[in-house]
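Here are my notes on the side-chain contacts, in the order I would go through them. Please read them with the structure open.

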Amino acid sequence: MQLTDFKVLTFDCYGTLIDWETGIFEGYQGLVAKAGVSLTRDQILETHSRYEAAQQAKTPDMIYSELLAVVYAQVAKEWKTEASAEESAVFGKTVVNWPAFIDSTAALQYLKKYYKLVILSNVDRESFKGSNARLQVEFDHIFTAQDVGSYKPNPKNFEYMLEKLGAEGIQKDDILHTAESMFHDHQPANDFGLASAWIYRRHGQPGFGATQPPASMPKYDFMFTSMAEMAKAHQEALRAKE
């Protein structure tokens with residue numbers, strides 16, 4: 001199997017292209033100070049992850065920015081303090097400020113020359129507009145949790161994407177699902193028989209950070225520590241075919 005075997009790259013966005021862990025961590029700093037808790041970066045991210053995954057399963061049709069506000073208030077309670085409705089809403093709207101990984105834009109612009117690029121993300125359409133502006137590339141399709149009415153790893157999200165792409169004649173074998181999260185992306189990709197590339201952004205760090213751990217480690221077909229590394233591997237695959 002080679003990177004050049006595929007026609008479409010489907011992407012998770014947050015954690016893969018956008019540095020959501022930095023965005024989440026920075027978004028909690030006011031609450032950390034207010035609560036007076038002493039926690040590591042990963043402890044903050046892991047706390048957020050527990051509440052986010054539970055809330056996504058509980059209210060699958062809730063807009064992501066609103067869901068983040070609910071999660072923020074829940075985390076505040078765990079930390080023995082309270083977050084006002086305004087503070088929670090502000091946190092919910094921080095997605096547009098989350099930074100892109102430094103290599104994402106150039107890699108996407110390169111890969112756009114060879115593939116259709118598709119987003120499959122646990123986000124709402126309005127929040128993604130800010131992220132899309134940071135990434136500076138035109139995606140061929142953008143499929144959000146808001147469009148589907150559920151959050152990954154719910155199989156409905158992958159069913160929705162495959163149905164939409166299938167209507168254009170795109171088959172599973174044409175698709176390489178590209179993502180960081182084992183929980184949200186690689187496990188369902190395995191379940192749907194999709195090839196996948198792991199963008200291992202947390203290499204060298206323990207645990208799963210802002211994502212829940214998978215029940216068991218899914219398989220993947222490629223592993224890169226950055227989007228830049230993936231783009232370089234594609235260049236090498238092209239040269240090997242010459």
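Is Tyr-72 buried or exposed? With a relative accessible area of 6%, Tyr-72 is buried. The model is a predicted one, and the points below should be read with that in mind.

1. Tyr-72 and Phe-91. The partner ring, Phe-91, is buried too, at a relative accessible area of 2%. The rings of Tyr-72 and Phe-91 are stacked, with 4.8 Å from centre to centre and 25° between the planes. Tyr-72 belongs to helix 4 (residues 64-78) and Phe-91 to helix 5, so this contact ties together parts that are 19 residues apart in sequence. Ring pairs also join these two residues with Tyr-28 and Trp-79 in a cluster.

2. Tyr-14 and Trp-98. The structure has 15 aromatic pairs in total. One of them is formed by Tyr-14 and Trp-98, which meet edge-to-face, 5.7 Å centre to centre and with 80° between the planes. This pair links distant parts of the chain, 84 residues apart: Tyr-14 is in the loop between strand 1 (8-11) and helix 1 (20-27), and Trp-98 is in the loop between helix 5 (85-92) and helix 6. Tyr-14 has a relative accessible area of 7% and is therefore buried, the cut-off being under 20%. Trp-98 is likewise buried, at 1%.

3. Arginines over rings. Two contacts of this kind deserve a look. Arg-201 lies over the face of Phe-101, 3.9 Å from the ring centre. Arg-41 lies over the face of Phe-25, where the distance to the ring centre is 5.2 Å.

4. Asp-185 and Lys-152. The whole structure contains 11 salt bridges. In one of them the side chains of Asp-185 and Lys-152 meet, at 2.8 Å from N to O. The two residues come from distant parts of the chain, 33 residues apart, with Asp-185 in helix 10 (residues 182-191) and Lys-152 in the loop between helix 8 (145-148) and helix 9 (155-166). Asp-185 counts as buried because its relative accessibility is 0%. Lys-152 is also buried, with a relative accessible area of 1%. Asp-12 joins Lys-152 and Asp-185 in a network of salt bridges.

5. Lys-112 and Asp-140. In this salt bridge the closest N and O atoms are 3.0 Å apart. It links distant parts of the chain: Lys-112 sits in the loop between helix 6 (104-111) and strand 2 (116-121), while Asp-140 sits in the loop between helix 7 (125-135) and strand 3 (141-144), 28 residues apart. Lys-112 has a relative accessibility of 29% and so counts as partly exposed. Asp-140, at 30%, is partly exposed as well.

6. Glu-126 and Lys-129. What separates these two residues along the helix? Both are in helix 7, and because they are 3 residues apart, about one helical turn lies between them. They form a salt bridge whose closest N and O atoms are 3.3 Å apart. Glu-126 is exposed, and Lys-129 is exposed too.

7. Points to check on screen. For a buried salt bridge, go to Asp-185 and Lys-152, whose side chains meet at 2.8 Å. For an exposed one, go to Glu-126 and Lys-129. For rings, view the stacked pair of Tyr-72 and Phe-91 and then the edge-to-face pair of Tyr-14 and Trp-98.

Key: Residues are numbered from 1 along each chain as its sequence is written. This is a predicted model: local features need pLDDT of at least 70, side-chain atom pairs count only at pLDDT 80 or more; totals for chains, interfaces and linings use all residues. Side-chain values use heavy atoms; hydrogens and water are left out. A salt bridge is a side-chain nitrogen of Lys or Arg within 4 Å of a carboxyl oxygen of Asp or Glu. Helices (H or I, at least four residues) and strands (E, at least two) are DSSP runs, numbered from the N terminus. Buried means under 20% relative accessible area, exposed over 50%, partly exposed in between (1.4 Å probe, protein chains only). Rings of Phe, Tyr and Trp (its six-membered ring) pair if their centres lie within 6.5 Å; planes under 30 degrees apart count as stacked, over 60 as edge-to-face and the rest as tilted. A charge sits over a ring if NZ of Lys or CZ of Arg is within 6 Å of the ring centre and within 35 degrees of the ring normal.
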